[in-house]
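This report looks at how the inside of a protein chain is packed, and at how two of its helices meet. Please keep the sequence and the model in view while reading.

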Amino acid sequence: MLHSNDKIIKHKVGLLNLAEELGNVSKACQIMGLSRDTFYRYRDAVEDGGVEALLERPRRAPNLKNRVDLETETAVVEYAVEYPAHGQVRVSNELRKRGVFVSPSGVRSIWLRHDLANFKQRLKALEAKVAEDGIILTEAQVQALEKKKLDDEAWGEIETAHPGYLGSQDTFYVGTLKGVGRIYQQTYVDTYAKTAQAKLYKTKTPITAADMLNDKVLPFHEEHELPVLRILTDRGTEYCGRADRHDYQLFLAINDIEHTKTKVKSPQTNGICERFHKTILQEFYQVAFRKKIYETIEQLQIDLDQWIDYYNNERTHQGKVCEGRTPMQTLVDGKRIWKEKFIG
């Protein structure tokens, strides 16, 4: 039985011998299914180094001279778990003080090999280590986990236990209607069920923000016997101000609703509403304004209400909680779970 190298040599030598017997290189190459260039390459190899030169030469083994030693790699991985919030430059500088010399790019390479390339991956590694070893977290580790929680809330990755647990409210600039002026939409989305309410206004003020809750949100939740416990907003003037004289803040206090705000200077991080605004812009407004000319805000509100009803009751949602159900189906199922768990 021939080994692979023997087969390779036999095939190449066979081409050379066939060409010699036929006295025709082109004919030999045609029979063997190879090109003339290949024939001359084989012939030159034999002339220079004999039959052994026809062997397939394996690629050189990779040169690992530039790869850090095991002790340095271990130190970088352990530091990443100990201080997950530190970037690669700071890790390099801090390890240098411990007598471990590795460049920022070297730190990055080690992170990539161990799936630690970003903050969330390093936090995941920390959480896995805590679960496995039952270690007591340092102050820096606790701060990193708290920072992740705040960032997750800012980007819409929010802990939400049941419908009504947390709602997200935001203002959306619709556009300008001829003869009407600027149109703003007050939006409210339940972060659990993804049910939505929306109402149009000519201004964005604390009064309109509170009116939206009073006219659309609270009646909806009362109808379904669900509380509204907390609302997340950005730091716009329609939502934030002195608690004793700000209409929106006063409305929340009267109705015993907790107010949570997004990160400073990051109004775009109200992720739940931001995603809904993209949906309503593409699926409703861009279509509606091409079908009809609206002369009043009331005309537009009628069509908006019809679309919101479709969104809540007929349009399937692919979110983490909905998983292909409609928002109303998710709300009903979530309400049942909430009652069993919290009311009994």
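In this predicted model, the largest nonpolar core is made of 23 residues, and those with the most contacts inside it are Leu200, Phe276, Ile280, Phe284, Tyr285 and Leu304. Several elements build this core, and each of those listed in the table supplies at least two of its residues.

| Element | Residue range |
|---|---|
| Strand E1 | 167–177 |
| Strand E2 | 181–190 |
| Strand E3 | 196–201 |
| Helix H11 | 271–291 |
| Helix H12 | 297–313 |

Helix H11 gives the largest share of the core, with 7 residues. Phenylalanine 276 can be followed outward to its neighbours: leaving aside residues up to four places away in sequence, Phe276 touches Gln185, Thr187, Val189, Ala196, Trp307, Ile308 and Tyr311. Separate from this core there is a second one of 16 residues, which includes Met212, Val217, Leu218 and Ile257.

The packing of the two helices can be described in its own right. Two packed helices are described by the angle between their axes and by the distance between those axes. For H11 and H12 the angle is about 130 degrees and the axes are 11 Å apart, and with an angle that lies between 115 and 145 degrees the two helices are therefore oblique to each other. The crossing of H11 and H12 is right-handed. On the H11 side the contact is made by Phe276, Thr279, Ile280, Glu283, Phe284, Tyr285 and Phe289, while H12 contributes Leu300, Asp303, Leu304, Trp307, Ile308 and Tyr311. By type, the residues of this contact between H11 and H12 divide into 10 nonpolar, 1 polar and 2 charged.

Note on methods:
Residues are numbered from 1 along each chain as its sequence is written. This is a predicted model: local features need pLDDT of at least 70, side-chain atom pairs count only at pLDDT 80 or more; totals for chains, interfaces and linings use all residues. Side-chain values use heavy atoms; hydrogens and water are left out. A nonpolar core is a set of buried Ala, Val, Leu, Ile, Met, Phe, Trp, Tyr and Cys residues joined through side-chain atoms within 4.5 Å. Buried means under 20% relative accessible area, exposed over 50%, partly exposed in between (1.4 Å probe, protein chains only). Helices (H or I, at least four residues) and strands (E, at least two) are DSSP runs, numbered from the N terminus. Contact means heavy atoms within 4.5 Å. Axes are lines fitted to C-alpha atoms, for helices over the stretch in contact, and angles run from 0 to 180 degrees between N-to-C directions. Angles under 35 degrees count as roughly parallel, over 145 as roughly antiparallel, 65 to 115 as roughly perpendicular and the rest as oblique. A crossing is left-handed if the near helix is turned anticlockwise from the far one by less than a right angle, and right-handed if clockwise. Ala, Val, Leu, Ile, Met, Phe, Trp, Tyr, Cys and Pro count as nonpolar, Asp, Glu, Lys and Arg as charged, and the others, Gly among them, as polar.
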